[in-house]
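Here are my notes for a reader who is new to structures of this kind. Please keep the sequence and the 3D view open while going through the points.

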2 protein chains.
Amino acid sequence: MSKFWSELAKSLEPYTPGEQPKDKKYIKLNTNENPYGPSSKVIEALKDGANDNLKLYPDPNGDELRKTIADYYGLKDEQVFLGNGSDEVLAFSFMAFFNPNEPILFPDITYSFYKVYSNIYNIPYEEVKLNKDFSVPINKLHHSKGGVILPNPNAPTGICLSLKSIEEILQFNKEKIVIIDEAYIDFGGNSAVGFIDQYPNLLVVQTLSKSRSLAGLRVGFALGHKDLISALNYVKNSINSYPLDRLALCGAVQAIKDEEYFQETKNKIIETREKVSQELKSMGFLVIPSLTNFIFMSHTKIHAKELLYSLRERGILVRHFNHARIDNHLRVTIGSEEEMNTFIRILREIVPV
Amino acid sequence: MSKFWSELAKSLEPYTPGEQPKDKKYIKLNTNENPYGPSSKVIEALKDGANDNLKLYPDPNGDELRKTIADYYGLKDEQVFLGNGSDEVLAFSFMAFFNPNEPILFPDITYSFYKVYSNIYNIPYEEVKLNKDFSVPINKLHHSKGGVILPNPNAPTGICLSLKSIEEILQFNKEKIVIIDEAYIDFGGNSAVGFIDQYPNLLVVQTLSKSRSLAGLRVGFALGHKDLISALNYVKNSINSYPLDRLALCGAVQAIKDEEYFQETKNKIIETREKVSQELKSMGFLVIPSLTNFIFMSHTKIHAKELLYSLRERGILVRHFNHARIDNHLRVTIGSEEEMNTFIRILREIVPV
């Protein structure tokens, strides 16, 4: 910090992403990346796109990608907003829909970036305490003063709400925006996308980082009423006309189009998750039922932090959160079947029988 | 606009980028893109980088690219900040260094995004009126209350300040940040980079969009004292941990490293600029001496707007700004020699002798 920092900069508490270590090769089960590479059609499109045209600015509106996403979800192009990963989309959404003096609601255990956004954009918030089993008390999300944001499935718990619960939140917040952050929806949950034409207060946010294996390409999007998309465009065009580069745009189009590969890889992950969950339970772990590409688990005989370090020593990275109520849990990404076999084998060496 | 927009969103006046038409093929002299493609080493690196690793998040700090840029400018890695184009770097700088209640200074004729940033981040500003010949009245940039931002060379005028003038601005603003936006510096101007170790209040911002032919890849950076870079990282990490994707990072490294290609292409552009300037003058145009990859010109016998439309009809796009004092000027990007020959030939058909 120095005298040159703005008052805002001095007040910030940035988000810490999961580590990307360079010291040695790990089995990375710490950042919810997909174990399978992107579709070969994506790779092909990217290689084709690496050409002289990179001297030109990208399409600032990303029309082709917006149309591809709109078609996929049965929406109109004007109901799609693109951003540099869903984090940027979420940040812009805080600017576009939430106001200082009107507290928004989100769960006390959730994606920790929401607090960071609230802080940087001066949006007050109230944390709704999850039930003991980490389920969301829907009735406490009624009548928000400033709006609601929550991930479905929630992170890092992995618990997914039913569409009935989502609709209840929408109905009891008709004057305010409800953002459903569906980063993990493709791994078994039901998307709220179908509510968009009925609820003009709904914004659904998704990403290509998880189920489409493109964390390295930075593409996220929002779906909602065209008036909401228009507000997001106002914000984007006041900051950066072209947050998606030409390659990200052309790769993303193919990722959405290759339905067969998408289904195949996400089904493999779901299968592995179910198998691993069973094995963990048989070892005495408490495993929360997950509809994501990770599991959230704890054990009565060994503390999560001890487990974290023991796994790390043996070349496996998982994620631990130093937050009250979940500091004895670990979030473990579902890797490939081979990686998860290694994970289970090593866990058996560490965990007391 | 709808009832769901935040007060902030309602107040925005977004920036309008130069058009990227899709209706037919134009000679695009309207967005200051480089007529030459990126280095073949960039293309090769991008093709190599299009692989399975795109399933993984990028390096959030972009260490390899930061080191490459630091080495190039004789700086330390911690003196380099990376962003998604220089626009994002500038936006983050407004958040990191400027305060509400402390007016910043910038020229009245300059990059129009500065006003947009001031608006979205609630930073008051005073516009310093350029002299009649569009030169910057340096003494009016002394003792700013909130800081100074200006492009050098200025846009859309193309006029470049001497390092002596830049140093005067730094000396008379020792308590406040001075941002020198060097988007066009490589086309003949002298960079302020050499002042960084002497002036902890200096932030230099550059881009790979112009002189490195990578507008389509979205890479910009800031250079300055490590405390300033650290403030920018606080802001970035409160919004989006990974604004540069894996391909942008690896392509940019090669763009900085291929010095030979960089020198060759930027020298060609400078040569073309000088030749075109001479021809335009011989046709009665007033051409402001430019140290950029564009020229800013006007004619006594034909109005800029008329010229704009006539050129467009004939397949040539140039940029016109509807701002007082410059609405009879056109900004024309320096294209390839062939493109500029066509431009001059068509101009001869339009302009009264």
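**Notes on the two chains**

1. R348(A) is partly exposed, with a relative accessible area of 44%. Its partner in a salt bridge is E279(A), and the closest N and O atoms of the two are 2.8 Å apart. Because E279(A) belongs to helix α9 of chain A and R348(A) to helix α11 of chain A, this pair ties together parts that are 69 residues apart in sequence. E279(A) also counts as partly exposed, at 24% relative accessibility. Please bear in mind throughout that this is a predicted model.

2. A second link joins the two helices just named. The side chains of E337(A) and K275(A) meet in a salt bridge, with 3.1 Å from N to O; E337(A) lies in helix α11 and K275(A) in helix α9 (residues 259-282), so parts that are 62 residues apart in sequence are tied together here. E337(A) is partly exposed at 41% relative accessibility, and K275(A) is partly exposed with a relative accessible area of 40%. Over all chains, the count comes to 26 salt bridges.

3. A salt bridge within one helix can be seen in chain B, where the side chains of R66(B) and D63(B) meet at 2.8 Å, N to O. Both residues lie in helix α3 (residues 63-73) of chain B, three residues apart, which is about one turn of the helix. In an α-helix there are 3.6 residues a turn, so residues three or four places apart point the same way. R66(B) counts as buried because its relative accessibility is 16%, under the 20% limit, whereas D63(B) is partly exposed at 28%.

4. Which residues of helix α10 (residues 304-313) of chain A are buried? They are A304(A), L307(A), L308(A), S310(A) and L311(A), and the buried residues of this helix pack against several elements of chain A, including β10 (294-299) and α11 (337-350). Just after α10(A), G315(A) takes a positive phi of about 90°.

5. The contact between the chains deserves a careful look, since 84 residues of chain B are in contact with 83 residues of chain A. Together the two chains bury about 6800 Å² between them, 58% of it on carbon and sulfur atoms. In chain B, the residues that lose the most area to chain A are F4(B), K55(B) and Y57(B), together 12% of what that side buries.

6. Between chain B and chain A the count is two salt bridges, and one of them joins E175(A) to K3(B), whose closest N and O atoms are 3.2 Å apart. By class, the side of chain B that touches chain A has 45 nonpolar, 19 polar and 20 charged residues.

7. K210(A) is covered by the UniProt annotation "modified residue: N6-(pyridoxal phosphate)lysine", which comes from an unreviewed entry. K210(A) is found in the loop between β7 (202-207) and β8 (220-224) of chain A, and is buried, with a relative accessible area of 7%. Among the residues that K210(A) touches are N32(A), Y184(A) and, from the other chain, Y57(B).

8. R246(B), in helix α8 of chain B, is partly exposed at 26% relative accessibility. The contacts of R246(B) include G216(A) as well as N53(B) and Y57(B).

How values were computed:
Residues numbered from 1 in each chain as written. Chains lettered and ligands numbered in written order. Predicted model: local features only at pLDDT ≥ 70, side-chain atom pairs only at ≥ 80, totals over all residues. Heavy atoms only, no water. Contact = heavy atoms within 4.5 Å. Buried area = accessible area lost by both parts, 1.4 Å probe. Salt bridge = Lys/Arg side-chain N within 4 Å of Asp/Glu carboxyl O. Nonpolar A, V, L, I, M, F, W, Y, C, P; charged D, E, K, R; others polar. Helix = DSSP H or I, 4+ residues; strand = E, 2+ residues; numbered from the N terminus. Buried < 20%, exposed > 50% of the residue type's maximum accessible area, 1.4 Å probe, protein only. UniProt positions renumbered as here; feature names shortened; annotations may be inferred.
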